[in-house]
Each structure stands twice: as structure tokens, then as C-alpha cells.
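Reader: I've got this model open on my screen and I'd like a close look at one part of it. Could you walk me through the middle of the sheet and what packs around it?

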Amino acid sequence: MMKIQIINGPNLNLLGLREPGIYGSLSFEEYLKELREIYSIVEIDYYQSNVEGELINKLHEVGFTYDGIIINAGGYTHTSVAIADAIAGIKTPVVEVHISNIYAREEFRHVSLTGKNCKGVLTGFGMDGYRLAIESLLHA
């Protein structure tokens, strides 16, 4: 069975509550149930942290044994050289996802330090970006 790790960064624990005009009203846990039903042949593990070092530790933990990683590093996307380096240092392919279109938002969000080390970047497709990322990993 294929194993995919989803890693969500800071403030994504507030999905469904935080800025519903940008992020929607569905919690990630609700959406995760849907993903697991759609992709029952894939083991989908989920991890969320608001702490940069914990995200790096999770990348290191799964980055040599899983078949794919989907990461939404939240605000760390634009600031964390350390997360970018962690992605570059692992074997498992990583797909970066952003619920909102980062290029339609504040200018500082237009730069992704992490994206250059990823297999691909999906931005602006809402929660469906996670499904699209799974599809890209399944058909790699």
C-alpha cells in the first residue's frame, strides 16, 4: 500500500474557523475523511504543527520511508530556509500545496522558499489542492 504523509504548518489547525472567505468553512479533519474515502488504497497520514522545528523533524522522520509527502508550510513557505533545506535533504518526493492563490495575496507571499525543492506546487485550488497533490504522487 502506498504511504503519503500530509504535513500542515502554522495556523492550519484553524481551518474551518480562520478566515473562511479565504480558506473555506471545512475543517481539515473533515476533508481528510473525504480524502481517505476516495483513496482507500493509499495510507494517508496527517500531521500538523505550528512549530518550525517539529515540521522539520516530521520531514526527516518520513522523508526516507514514505512514497510521497504533501506539505502546506503556511507562512513558513515564505520565510523558512530550514524547511527548504529539510525538503532538499530527503529522498521522498514532496508536493507543496496552498489553499489560497499565494500570487493573488500580499506581495511577501509571492515567494516560496520551499517550492524549488518540491516536485511541484499547487496554489489556489482550495482544499482540492490536496487531492490534486495525491493524484500527482499516484501517477509519478
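Author: Here's a tour of the sheet, one strand in particular, and the core beside it. This is a predicted model, where local features need pLDDT of at least 70, side-chain atom pairs count only at pLDDT 80 or more, and totals for chains, interfaces and linings use all residues. Residues are numbered from 1 along each chain as its sequence is written, and side-chain values use heavy atoms, with hydrogens and water left out.

Let's start with the layout. 5 strands make an open sheet, in the order S2-S1-S3-S4-S5, with parallel pairing. (Strands are DSSP E runs of at least two residues, helices are H or I runs of at least four, both numbered from the N terminus; two strands pair if DSSP finds at least two bridges between them.) S2 and S5 (120-123) sit at the edges with a single partner strand each, so one side of each has no neighbour in the sheet. From one strand to the next, the twist averages 20 degrees.

Now zoom in on S4. 5 of the 5 residues of S4 are buried (under 20% relative accessible area with a 1.4 Å probe, protein chains only), so the rest of the structure largely encloses it. Val94, Glu96 and His98 point one way from this strand, while Val95 and Val97 point the other way. That fits a general pattern: side chains in a regular strand alternate between the two faces of the sheet.

What about its partners? S4 pairs with S3 (residues 68-72) over 3 bridges: Ile70 is matched with Val95, and Ile71 with Glu96. To get from S3 to S4, the chain runs through helix H4 (residues 81-88) in a right-handed β-α-β crossover, meaning that with the strands pointing away from the viewer, the path from the first strand over the helix to the second runs clockwise. S4 and S5 pair over 4 bridges, with His98 partnered by Thr123.

Ile70 is worth a click too. Its contacts (heavy atoms within 4.5 Å) include Ile4, Ile6, Val95, Val97, Tyr130 and Leu137, leaving aside residues up to four places away in sequence. Ile70 is also among the best-connected residues of the largest nonpolar core, which has 22 residues. (Such a core is a set of buried Ala, Val, Leu, Ile, Met, Phe, Trp, Tyr and Cys residues joined through side-chain atoms within 4.5 Å.) Elements giving two or more residues to this core include S4 (94-98) and helix H5 (128-138).

How values were computed:
Buried < 20%, exposed > 50% of the residue type's maximum accessible area, 1.4 Å probe, protein only. Axes fitted to C-alpha atoms, helices over the stretch in contact; angles between N-to-C directions.
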